[in-house]
Amino acid sequence: MTQTTSFIVKSLSLGTALALVTMTAQAAEPDLATAQSIVDEHSALPTFTPPGKPFDAASCMAGKKILSIPTSSSIPFVAGIQEGMVEAAEEIGFEVRPWQNQGQPTQWVQGIEYAIANGYDAVDLMGGIDPNALAPQIAAAKDAGLKVFASHHRDVTDIKEEPGVDVSLPLSFSRVGEIIASWIVTKTGGDANVLVIGSDDVPPSQPYWKSFEAKLAELCPDCKATYYNVPVSDWATKIQTTTQSALLQDPSINYLFPIYDSMSQFMLPAKAMTGRMDLPIASFNGTPFILDMIQNGDVEMDVGESLGWIARSSLDAYMRDICEVGDTPDELYVPFYIFDASNAETAGTPAELDKGYGDAHVAGFRTLWGLE
(Lines give C-alpha, C1' and ligand atoms only; values in the text may rest on other atoms or scores of the structure.)
Protein backbone atom coordinates (compact mmCIF):
# COMPACT_ATOMS: atom_id res chain seq x y z
CA MET A 1 0.00 0.00 0.00
CA THR A 2 1.44 3.37 -0.95
CA GLN A 3 1.70 6.21 1.52
CA THR A 4 -1.05 8.09 -0.34
CA THR A 5 -3.38 5.07 -0.30
CA SER A 6 -2.74 4.54 3.41
CA PHE A 7 -3.62 8.18 4.08
CA ILE A 8 -6.88 7.85 2.13
CA VAL A 9 -7.87 4.69 4.03
CA LYS A 10 -7.09 6.31 7.37
CA SER A 11 -9.04 9.41 6.36
CA LEU A 12 -12.03 7.29 5.35
CA SER A 13 -11.86 5.40 8.63
CA LEU A 14 -11.76 8.64 10.59
CA GLY A 15 -14.64 10.03 8.53
CA THR A 16 -16.70 6.90 9.09
CA ALA A 17 -16.05 7.05 12.81
CA LEU A 18 -17.05 10.70 12.95
CA ALA A 19 -20.22 9.92 10.98
CA LEU A 20 -21.12 7.15 13.42
CA VAL A 21 -20.58 9.47 16.36
CA THR A 22 -22.76 12.11 14.69
CA MET A 23 -25.49 9.57 13.91
CA THR A 24 -25.42 8.31 17.50
CA ALA A 25 -25.70 11.85 18.84
CA GLN A 26 -28.61 12.55 16.51
CA ALA A 27 -30.36 9.30 17.50
CA ALA A 28 -30.19 10.30 21.15
CA GLU A 29 -32.04 13.58 20.54
CA PRO A 30 -35.53 13.59 22.10
CA ASP A 31 -38.44 13.59 19.66
CA LEU A 32 -40.25 16.55 21.15
CA ALA A 33 -42.47 17.10 18.12
CA THR A 34 -44.02 13.62 18.30
CA ALA A 35 -44.40 13.90 22.06
CA GLN A 36 -46.21 17.21 21.68
CA SER A 37 -48.52 15.83 18.98
CA ILE A 38 -49.65 13.02 21.31
CA VAL A 39 -50.28 15.54 24.10
CA ASP A 40 -52.27 17.78 21.74
CA GLU A 41 -54.40 14.86 20.53
CA HIS A 42 -55.60 14.13 24.05
CA SER A 43 -56.09 17.74 25.06
CA ALA A 44 -59.21 18.05 22.89
CA LEU A 45 -62.63 17.69 24.59
CA PRO A 46 -64.00 14.14 24.01
CA THR A 47 -66.89 13.53 21.62
CA PHE A 48 -69.45 10.70 21.83
CA THR A 49 -69.67 7.90 19.27
CA PRO A 50 -72.42 5.27 19.90
CA PRO A 51 -70.76 1.93 20.79
CA GLY A 52 -73.70 -0.07 19.42
CA LYS A 53 -77.27 0.07 18.19
CA PRO A 54 -80.12 1.58 20.24
CA PHE A 55 -82.29 -0.65 22.48
CA ASP A 56 -85.08 -0.31 25.06
CA ALA A 57 -83.06 -0.64 28.26
CA ALA A 58 -85.89 0.15 30.68
CA SER A 59 -88.08 -2.69 29.41
CA CYS A 60 -85.51 -5.46 29.41
CA MET A 61 -83.80 -4.43 32.68
CA ALA A 62 -86.94 -4.00 34.78
CA GLY A 63 -86.55 -5.88 38.07
CA LYS A 64 -82.90 -6.83 37.41
CA LYS A 65 -80.15 -6.61 40.08
CA ILE A 66 -76.37 -6.39 39.62
CA LEU A 67 -73.88 -6.62 42.50
CA SER A 68 -70.74 -4.61 41.69
CA ILE A 69 -67.58 -5.77 43.48
CA PRO A 70 -64.63 -3.33 43.17
CA THR A 71 -61.00 -4.14 43.82
CA SER A 72 -61.25 -1.92 46.93
CA SER A 73 -63.98 0.45 48.09
CA SER A 74 -61.30 2.65 49.70
CA ILE A 75 -60.01 3.78 46.29
CA PRO A 76 -61.92 6.97 45.37
CA PHE A 77 -61.66 6.19 41.66
CA VAL A 78 -63.56 2.92 41.81
CA ALA A 79 -66.01 4.31 44.36
CA GLY A 80 -66.74 7.10 41.87
CA ILE A 81 -67.43 4.66 39.05
CA GLN A 82 -69.83 2.73 41.25
CA GLU A 83 -71.62 5.94 42.20
CA GLY A 84 -72.11 6.63 38.51
CA MET A 85 -73.37 3.09 37.90
CA VAL A 86 -75.92 3.38 40.70
CA GLU A 87 -77.21 6.70 39.34
CA ALA A 88 -77.44 5.47 35.74
CA ALA A 89 -79.21 2.27 36.82
CA GLU A 90 -81.74 4.31 38.76
CA GLU A 91 -82.45 6.37 35.63
CA ILE A 92 -83.12 3.16 33.70
CA GLY A 93 -85.08 1.47 36.47
CA PHE A 94 -83.00 -1.37 37.93
CA GLU A 95 -80.60 -1.92 40.85
CA VAL A 96 -76.82 -1.78 41.05
CA ARG A 97 -75.48 -2.39 44.56
CA PRO A 98 -71.82 -1.72 45.41
CA TRP A 99 -70.17 -4.43 47.54
CA GLN A 100 -68.07 -2.69 50.18
CA ASN A 101 -64.61 -4.19 50.76
CA GLN A 102 -61.03 -3.25 51.64
CA GLY A 103 -59.27 -5.04 48.80
CA GLN A 104 -59.08 -8.48 50.38
CA PRO A 105 -59.77 -11.48 48.06
CA THR A 106 -61.79 -13.16 50.81
CA GLN A 107 -64.14 -10.18 50.70
CA TRP A 108 -64.57 -10.56 46.93
CA VAL A 109 -65.48 -14.21 47.50
CA GLN A 110 -68.05 -13.16 50.10
CA GLY A 111 -69.54 -10.73 47.60
CA ILE A 112 -70.12 -13.41 44.97
CA GLU A 113 -71.60 -15.71 47.60
CA TYR A 114 -73.93 -12.91 48.69
CA ALA A 115 -75.08 -12.32 45.11
CA ILE A 116 -75.84 -16.02 44.66
CA ALA A 117 -77.74 -16.24 47.95
CA ASN A 118 -79.79 -13.09 47.37
CA GLY A 119 -81.14 -13.56 43.89
CA TYR A 120 -78.94 -11.22 41.89
CA ASP A 121 -78.92 -11.50 38.11
CA ALA A 122 -75.23 -10.68 37.71
CA VAL A 123 -71.99 -9.82 39.47
CA ASP A 124 -69.57 -7.18 38.23
CA LEU A 125 -65.86 -7.54 39.06
CA MET A 126 -64.60 -4.02 38.60
CA GLY A 127 -61.44 -1.96 38.73
CA GLY A 128 -58.64 -4.52 38.88
CA ILE A 129 -59.98 -7.90 40.02
CA ASP A 130 -58.61 -10.80 37.97
CA PRO A 131 -61.55 -13.15 37.30
CA ASN A 132 -59.18 -16.12 37.10
CA ALA A 133 -58.35 -15.62 40.79
CA LEU A 134 -62.00 -16.35 41.59
CA ALA A 135 -62.58 -19.29 39.26
CA PRO A 136 -64.43 -21.55 41.77
CA GLN A 137 -66.74 -18.72 42.83
CA ILE A 138 -67.43 -17.73 39.22
CA ALA A 139 -68.28 -21.34 38.41
CA ALA A 140 -70.70 -21.37 41.35
CA ALA A 141 -72.31 -18.14 40.16
CA LYS A 142 -72.75 -19.56 36.68
CA ASP A 143 -74.29 -22.75 38.09
CA ALA A 144 -76.76 -20.55 39.98
CA GLY A 145 -77.75 -18.79 36.76
CA LEU A 146 -75.92 -15.50 37.28
CA LYS A 147 -74.11 -13.52 34.61
CA VAL A 148 -70.50 -12.63 35.41
CA PHE A 149 -68.97 -9.38 34.16
CA ALA A 150 -65.48 -7.86 34.48
CA SER A 151 -64.38 -4.35 33.57
CA HIS A 152 -61.43 -1.97 33.81
CA HIS A 153 -59.34 -4.90 35.03
CA ARG A 154 -56.69 -5.56 32.38
CA ASP A 155 -55.01 -3.99 29.39
CA VAL A 156 -56.30 -4.60 25.87
CA THR A 157 -52.94 -6.14 24.99
CA ASP A 158 -53.28 -8.71 27.78
CA ILE A 159 -55.03 -11.51 25.92
CA LYS A 160 -56.15 -14.22 28.31
CA GLU A 161 -58.92 -16.74 28.78
CA GLU A 162 -61.48 -15.81 31.42
CA PRO A 163 -63.69 -18.90 31.81
CA GLY A 164 -67.22 -18.15 32.94
CA VAL A 165 -67.03 -14.41 32.25
CA ASP A 166 -69.92 -13.30 30.03
CA VAL A 167 -68.62 -9.79 29.28
CA SER A 168 -65.01 -8.68 29.66
CA LEU A 169 -64.18 -5.01 29.14
CA PRO A 170 -60.43 -4.33 29.16
CA LEU A 171 -59.07 -0.80 28.76
CA SER A 172 -56.12 0.55 26.79
CA PHE A 173 -53.90 1.28 29.78
CA SER A 174 -51.01 0.90 27.34
CA ARG A 175 -52.20 4.01 25.48
CA VAL A 176 -52.32 5.92 28.75
CA GLY A 177 -48.70 4.97 29.37
CA GLU A 178 -47.78 6.48 26.00
CA ILE A 179 -49.69 9.69 26.73
CA ILE A 180 -47.98 10.22 30.09
CA ALA A 181 -44.54 9.43 28.67
CA SER A 182 -45.18 12.02 25.96
CA TRP A 183 -46.26 14.60 28.53
CA ILE A 184 -43.17 14.09 30.70
CA VAL A 185 -40.81 14.23 27.73
CA THR A 186 -42.45 17.47 26.62
CA LYS A 187 -42.43 19.07 30.07
CA THR A 188 -38.80 18.14 30.83
CA GLY A 189 -37.55 19.02 27.36
CA GLY A 190 -36.26 15.48 26.98
CA ASP A 191 -34.35 15.43 30.27
CA ALA A 192 -36.44 13.18 32.53
CA ASN A 193 -35.54 11.00 35.49
CA VAL A 194 -38.88 9.54 36.59
CA LEU A 195 -39.86 7.78 39.81
CA VAL A 196 -42.73 5.39 39.00
CA ILE A 197 -44.95 3.76 41.64
CA GLY A 198 -47.17 0.88 40.51
CA SER A 199 -49.19 -2.00 41.93
CA ASP A 200 -48.44 -5.37 40.39
CA ASP A 201 -51.44 -6.96 42.10
CA VAL A 202 -53.66 -4.93 39.74
CA PRO A 203 -53.51 -6.85 36.42
CA PRO A 204 -53.03 -3.92 33.98
CA SER A 205 -50.18 -2.38 35.95
CA GLN A 206 -47.34 -4.15 34.15
CA PRO A 207 -48.61 -3.61 30.55
CA TYR A 208 -49.30 0.01 31.50
CA TRP A 209 -45.82 0.53 32.98
CA LYS A 210 -44.12 -1.29 30.10
CA SER A 211 -45.89 0.87 27.51
CA PHE A 212 -44.75 3.98 29.39
CA GLU A 213 -41.18 2.67 29.55
CA ALA A 214 -41.14 1.79 25.85
CA LYS A 215 -42.58 5.13 24.71
CA LEU A 216 -40.21 7.05 26.98
CA ALA A 217 -37.24 5.20 25.44
CA GLU A 218 -38.58 5.80 21.93
CA LEU A 219 -39.16 9.53 22.40
CA CYS A 220 -36.21 10.19 24.68
CA PRO A 221 -33.35 7.63 24.61
CA ASP A 222 -31.48 9.41 27.39
CA CYS A 223 -34.43 9.67 29.76
CA LYS A 224 -34.64 7.36 32.77
CA ALA A 225 -37.48 5.74 34.74
CA THR A 226 -37.35 3.54 37.85
CA TYR A 227 -40.32 1.40 38.91
CA TYR A 228 -41.35 0.43 42.45
CA ASN A 229 -44.17 -1.98 43.26
CA VAL A 230 -46.55 -1.19 46.15
CA PRO A 231 -49.61 -3.49 46.50
CA VAL A 232 -53.01 -1.80 46.77
CA SER A 233 -53.47 -2.88 50.40
CA ASP A 234 -50.18 -1.11 51.28
CA TRP A 235 -50.78 2.24 49.56
CA ALA A 236 -51.56 4.11 52.77
CA THR A 237 -48.51 2.76 54.61
CA LYS A 238 -45.78 2.23 52.00
CA ILE A 239 -46.11 4.73 49.13
CA GLN A 240 -44.79 7.60 51.24
CA THR A 241 -41.80 5.67 52.59
CA THR A 242 -40.97 4.18 49.18
CA THR A 243 -41.07 7.62 47.55
CA GLN A 244 -39.09 9.22 50.33
CA SER A 245 -36.34 6.58 50.19
CA ALA A 246 -36.07 6.83 46.40
CA LEU A 247 -35.77 10.63 46.50
CA LEU A 248 -33.06 10.50 49.15
CA GLN A 249 -31.19 7.83 47.23
CA ASP A 250 -31.39 9.68 43.89
CA PRO A 251 -31.71 13.48 44.21
CA SER A 252 -31.65 13.79 40.39
CA ILE A 253 -35.21 12.46 40.13
CA ASN A 254 -37.22 15.27 38.54
CA TYR A 255 -40.66 13.75 37.94
CA LEU A 256 -43.12 11.56 39.89
CA PHE A 257 -45.46 9.14 38.15
CA PRO A 258 -47.88 7.23 40.39
CA ILE A 259 -49.63 5.09 37.80
CA TYR A 260 -53.04 5.41 39.52
CA ASP A 261 -53.86 8.93 40.61
CA SER A 262 -55.24 8.08 44.06
CA MET A 263 -51.64 7.16 44.94
CA SER A 264 -50.68 10.84 44.65
CA GLN A 265 -52.02 11.77 48.08
CA PHE A 266 -49.42 9.49 49.69
CA MET A 267 -46.54 11.00 47.71
CA LEU A 268 -47.12 14.55 48.86
CA PRO A 269 -45.78 13.99 52.42
CA ALA A 270 -42.64 12.41 50.93
CA LYS A 271 -42.08 15.52 48.81
CA ALA A 272 -42.40 17.69 51.92
CA MET A 273 -40.15 15.49 54.06
CA THR A 274 -37.37 15.54 51.46
CA GLY A 275 -37.72 19.22 50.62
CA ARG A 276 -38.76 18.41 47.05
CA MET A 277 -42.09 20.22 46.79
CA ASP A 278 -40.96 21.34 43.32
CA LEU A 279 -41.39 17.82 41.92
CA PRO A 280 -44.28 17.61 39.44
CA ILE A 281 -46.71 14.67 39.45
CA ALA A 282 -48.48 13.19 36.42
CA SER A 283 -50.95 10.34 36.70
CA PHE A 284 -54.10 8.69 35.41
CA ASN A 285 -57.78 8.18 36.27
CA GLY A 286 -59.36 11.62 36.63
CA THR A 287 -60.43 11.07 40.23
CA PRO A 288 -62.16 14.29 41.39
CA PHE A 289 -60.00 14.98 44.44
CA ILE A 290 -56.88 14.71 42.25
CA LEU A 291 -58.33 17.33 39.90
CA ASP A 292 -58.69 19.49 43.02
CA MET A 293 -54.99 18.88 43.65
CA ILE A 294 -54.22 20.18 40.16
CA GLN A 295 -56.15 23.35 40.95
CA ASN A 296 -54.18 23.65 44.21
CA GLY A 297 -50.85 23.11 42.45
CA ASP A 298 -50.04 19.80 44.16
CA VAL A 299 -50.36 17.70 40.97
CA GLU A 300 -49.35 18.89 37.50
CA MET A 301 -51.38 16.63 35.20
CA ASP A 302 -53.94 13.83 35.26
CA VAL A 303 -55.10 11.83 32.26
CA GLY A 304 -58.81 11.70 32.96
CA GLU A 305 -61.36 9.15 32.01
CA SER A 306 -64.82 10.34 32.96
CA LEU A 307 -65.97 8.12 35.81
CA GLY A 308 -69.55 8.63 34.70
CA TRP A 309 -68.56 7.68 31.14
CA ILE A 310 -66.95 4.48 32.43
CA ALA A 311 -70.06 3.72 34.50
CA ARG A 312 -72.39 4.17 31.53
CA SER A 313 -70.10 2.33 29.14
CA SER A 314 -69.87 -0.63 31.51
CA LEU A 315 -73.63 -0.76 32.07
CA ASP A 316 -74.26 -0.39 28.35
CA ALA A 317 -72.20 -3.51 27.62
CA TYR A 318 -73.74 -5.47 30.50
CA MET A 319 -77.27 -4.60 29.45
CA ARG A 320 -76.56 -5.54 25.84
CA ASP A 321 -75.58 -8.99 27.09
CA ILE A 322 -78.48 -9.39 29.52
CA CYS A 323 -80.99 -8.08 26.98
CA GLU A 324 -79.45 -10.14 24.16
CA VAL A 325 -79.09 -7.10 21.93
CA GLY A 326 -76.36 -8.90 20.01
CA ASP A 327 -73.58 -6.33 19.68
CA THR A 328 -71.81 -6.44 23.05
CA PRO A 329 -68.41 -4.69 22.81
CA ASP A 330 -65.16 -6.40 23.82
CA GLU A 331 -63.43 -3.25 25.12
CA LEU A 332 -64.44 -0.48 27.49
CA TYR A 333 -65.46 2.60 25.55
CA VAL A 334 -64.01 5.69 27.24
CA PRO A 335 -61.82 8.43 25.75
CA PHE A 336 -58.74 9.84 27.51
CA TYR A 337 -58.55 13.56 28.29
CA ILE A 338 -55.66 15.57 29.77
CA PHE A 339 -56.35 17.83 32.74
CA ASP A 340 -53.78 20.40 33.83
CA ALA A 341 -53.78 23.90 35.31
CA SER A 342 -55.34 25.31 32.13
CA ASN A 343 -58.60 23.34 32.33
CA ALA A 344 -58.91 21.62 35.74
CA GLU A 345 -61.46 24.19 36.90
CA THR A 346 -63.88 22.94 34.24
CA ALA A 347 -64.35 19.89 36.49
CA GLY A 348 -65.77 22.16 39.19
CA THR A 349 -64.39 23.63 42.43
CA PRO A 350 -64.37 21.23 44.12
CA ALA A 351 -64.20 18.81 41.20
CA GLU A 352 -67.23 16.63 40.58
CA LEU A 353 -67.64 13.01 39.50
CA ASP A 354 -68.62 13.55 35.88
CA LYS A 355 -67.71 17.14 35.11
CA GLY A 356 -65.09 18.63 32.79
CA TYR A 357 -65.55 16.20 29.90
CA GLY A 358 -68.60 17.91 28.43
CA ASP A 359 -71.97 16.17 28.56
CA ALA A 360 -72.08 14.48 25.15
CA HIS A 361 -71.86 11.01 26.72
CA VAL A 362 -74.78 11.59 29.11
CA ALA A 363 -77.23 12.50 26.37
CA GLY A 364 -75.59 9.99 24.03
CA PHE A 365 -76.18 6.98 26.27
CA ARG A 366 -79.67 8.12 27.27
CA THR A 367 -80.63 8.28 23.60
CA LEU A 368 -78.99 4.93 22.98
CA TRP A 369 -81.04 3.35 25.79
CA GLY A 370 -84.35 4.83 24.64
CA LEU A 371 -84.67 7.21 27.60
CA GLU A 372 -85.05 10.33 25.45
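A salt bridge is taken here as a side-chain nitrogen of Lys or Arg within 4 Å of a carboxyl oxygen of Asp or Glu. The structure examined is a predicted model, and under this criterion 18 salt bridges are counted in it. One of them joins the side chains of Lys 160 and Asp 130, with an N to O distance of 3.8 Å. Lys 160 is located in the loop between strand 4 (147-155) and strand 5 (167-171), whereas Asp 130 belongs to the loop between strand 3 (122-126) and helix 6 (135-143), so the pair ties together parts that are 30 residues apart in sequence. Lys 160 is partly exposed, at 28% relative accessibility, and Asp 130 is likewise partly exposed, at 23%.

Two further pairs illustrate the setting of such contacts. Arg 320 forms a salt bridge with Asp 327, in which the closest N and O atoms lie 2.8 Å apart. Arg 320 has a relative accessible area of 0% and is therefore classed as buried, while Asp 327, with 22%, is partly exposed. In the pair formed by Glu 352 and Lys 355, the N to O distance is 3.9 Å. Glu 352 is partly exposed at 44% relative accessibility, and Lys 355 is partly exposed at 38%. In addition, a network of salt bridges links Glu 91, Arg 312, Arg 366 and Glu 372.

With respect to secondary structure, strand 1 (residues 65-70) and strand 2 (residues 95-98) run parallel and are joined by 4 bridges. Lys 65 has Glu 95 of strand 2 as its bridge partner. Together with helix 4 (residues 76-92), strands 1 and 2 make a right-handed β-α-β unit.

The nonpolar interior was examined next. In soluble globular proteins, nonpolar side chains tend to be buried together. The largest nonpolar core of the model comprises 99 residues, among which Ile 180 and Phe 212 touch the most other members. Helix 12 supplies the largest share of this core, namely 9 residues. When neighbours within four places in sequence are set aside, the contacts of Ile 180 are Tyr 208, Phe 212, Phe 257, Ala 282, Ser 283, Phe 284, Met 301 and Val 303. A second core, separate from the largest one, contains 18 residues, including Leu 67, Ile 69, Val 123 and Val 165.

Helix 11 (residues 288-296) has as its buried residues Pro 288, Ile 290, Leu 291, Asp 292, Met 293 and Ile 294. The elements covering these buried residues include helix 10 (264-273), strand 10 (301-304), helix 12 (307-322) and strand 11 (337-339). After helix 11 comes Gly 297, which has a positive phi near 90°.

A further contact between segments separated in sequence involves Gln 244, a residue of helix 9 (residues 235-249). The C-alpha atoms of Gln 244 and Lys 271 are 7.1 Å apart in space, although the two residues are separated by 27 residues in sequence. Excluding residues up to four places away in sequence, Gln 244 touches Ala 270, Met 273 and Thr 274.

Conventions. Residues numbered from 1 in each chain as written. Predicted model: local features only at pLDDT ≥ 70, side-chain atom pairs only at ≥ 80, totals over all residues. Heavy atoms only, no water. Pairing = 2+ DSSP bridges. Helix = DSSP H or I, 4+ residues; strand = E, 2+ residues; numbered from the N terminus. Right-handed = clockwise from strand over helix to strand, strands pointing away. Buried < 20%, exposed > 50% of the residue type's maximum accessible area, 1.4 Å probe, protein only. Contact = heavy atoms within 4.5 Å. Core = buried A, V, L, I, M, F, W, Y, C linked by side-chain atoms within 4.5 Å.
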